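Please open the structure in your viewer and keep the selection tool at hand. The tour below moves from one selection to the next and says what can be found at each stop.

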Amino acid sequence: MKKILILLMVLLAFPMAIDAQRKRAFMVGISTYKANGRTAWNDIHGAEDVILLKDMLQQKGFQVLSIINEQATYKGIKTSLTSFINNTKKGDIVYLHFSCHGQPVEDGLIKGFPKDDEQDGWDESLVPVDAGREFDIQGYHGEKHLTDDELNGYFKKLRTNMGPTGMLYVIMDACHAGETSRIGMEMVRGTSEGLTPNPSHQYNPPRTNVKHYSVEKGNDLSPVLFLEACRSRERNTEILVTGKVYGALSYHLYLVLSLMSSLGKDAQTFKNYVERAVKISGLWPRTQTLVTEASF
């Protein structure tokens with residue numbers, strides 16, 4: 001650990017400019033899942049990510065709203081996020097963080113959202129604490145999954161409220177298509193089983209880096225940086241550090257933030273620091289690829 005911090009101190013030798021704008025963070029972390037349907041989600045360590053990063057963000061001047069475990073229902077996340085967005089002002093610097101399971105959902109399965117807009121035929125989604133894992137014609141239909149289509153609506157509203165003088169960071173430490181399994185100490189966030197009513201429709205996207213979120217540009221929208229723990233078909237493996245387990249992306253963000261003087265509008269520098277930390281730390285799982293998507 002000491003070696004990692006020394007390497008990162010060299011990496012971050014030049015401090016970032018300090019921003020004077022209002023800073024706000026919205027964080028969701030789930031470790032313990034409820035059973036909803038025939039197959040339950042395995043427990044992970046998403047709440048630990050939030051606990052790890054919350055104090056660090058507060059030290060950087062952020063007002064933090066965190067929702068963990070049983071609070072992080074589909075309704076709870078939507079209600080809190082809507083209120084958070086409505087209270088966002090022009091010029092705000094906003095950090096959104098989601099540490100939970102992820103699952104591919106058949107495109108068009110959830111009513112009210114676009115169909116045939118995915119290159120691979122699947123929406124990516126976050127899995128709230130009360131969401132099911134399997135489609136059941138007489139039970140769960142995916143109504144509590146937070147798909148990228150729905151999230152994009154929240155992100156656009158937030159970016160509009162912030163305006164071009166704001167800055168939005170979106171962190172997704174979830175698996176979009178990994179296997180739910182244990183191999184020794186290994187814990188993976190997500191499942192390779194897509195949510196679909198058609199048993200013959202298996203999740204098997206092409207081996208390309210399909211974009212997860214719509215990175216729209218506009219004169220009235222804030223800049224945005226998405227950091228995602230893995231590509232759509234990769235596993236997002238948690239890591240063990242000094243006896244504790246965290247999401248790989250969350251822990252690397254913690255390393256970078258612990259050595260930064262500020263997190264503000266310089267998203268390009270922050271992105272560079274995170275990419276460098278992933279490369280040199282020796283902790284990043286070899287089976288997954290950090291994904292960055294941006295408009296700034």
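Which residue of E8 does Ser125 stand opposite? Select Ser125 together with its partner, and you will find that the partner is Thr147 in E8.

Before going further, note that this is a predicted model, in which local features need pLDDT of at least 70 and side-chain atom pairs count only at pLDDT 80 or more, while totals for chains, interfaces and linings use all residues. Residues are numbered from 1 along each chain as its sequence is written, and side-chain values use heavy atoms, with hydrogens and water left out. The labels H and E stand for DSSP runs numbered from the N terminus, helices (H or I) having at least four residues and strands (E) at least two.

**The three-stranded sheet**

Widen the selection to strand E7 (residues 125-127), which pairs with E8 in the antiparallel sense over two bridges; two strands count as paired if DSSP finds at least two bridges between them. Adding E4 completes an open sheet of three strands, in the order E4-E7-E8 and with antiparallel pairing. Strand E4 (101-102) and strand E8 (146-147) stand at the edges with a single partner strand each, so one side of each is left without a neighbour in the sheet.

Next, select Asp136, which lies in the loop between E7 and E8. Asp136 is partly exposed at 28% relative accessibility (buried means under 20% relative accessible area, exposed over 50%, partly exposed in between, with a 1.4 Å probe and protein chains only). If you add Leu195, you can see that the C-alpha atoms of Asp136 and Leu195 are separated by 9.7 Å, although the two are 59 residues apart along the chain.

**The hairpin of E13 and E14**

Move to strand E13 (residues 238-241) and strand E14 (residues 244-247), which run antiparallel and are joined by four bridges. Within this pair, Leu240 stands opposite Val245 in E14. The hairpin has two residues between the strands, and there Thr242 takes a positive phi near 45°. Thr242 is exposed, with a relative accessible area of 70%.

For a second positive phi, select Asn69, a residue other than glycine whose phi is near 50°. Asn69 lies in the loop between strand E2 (63-68) and helix H3 (74-86), and Asn69 is buried, with a relative accessible area of 16%.

**Two helix pairs**

From that loop, go on to H3 and helix H4 (residues 148-162), which pack at an angle of about 15° with their axes 9 Å apart; axes are lines fitted to C-alpha atoms, for helices over the stretch in contact, and angles run from 0 to 180 degrees between N-to-C directions. That makes H3 roughly parallel to H4, a term for angles under 35 degrees. The contact (heavy atoms within 4.5 Å) includes Tyr74, Leu81 and Ile85 of H3 and Tyr154 and Leu158 of H4.

Finally, select helix H2 (residues 46-59) and helix H5 (residues 248-258), whose axes are 10 Å apart and which pack at an angle of about 20°. H2 is therefore roughly parallel to H5. To show their contact, select Asp49, Leu52, Leu53, Met56 and Leu57 of H2, and Ser250, Tyr251, Leu253, Tyr254, Leu257 and Ser258 of H5.

How values were computed: Parallel < 35°, antiparallel > 145°, perpendicular 65-115°, else oblique.
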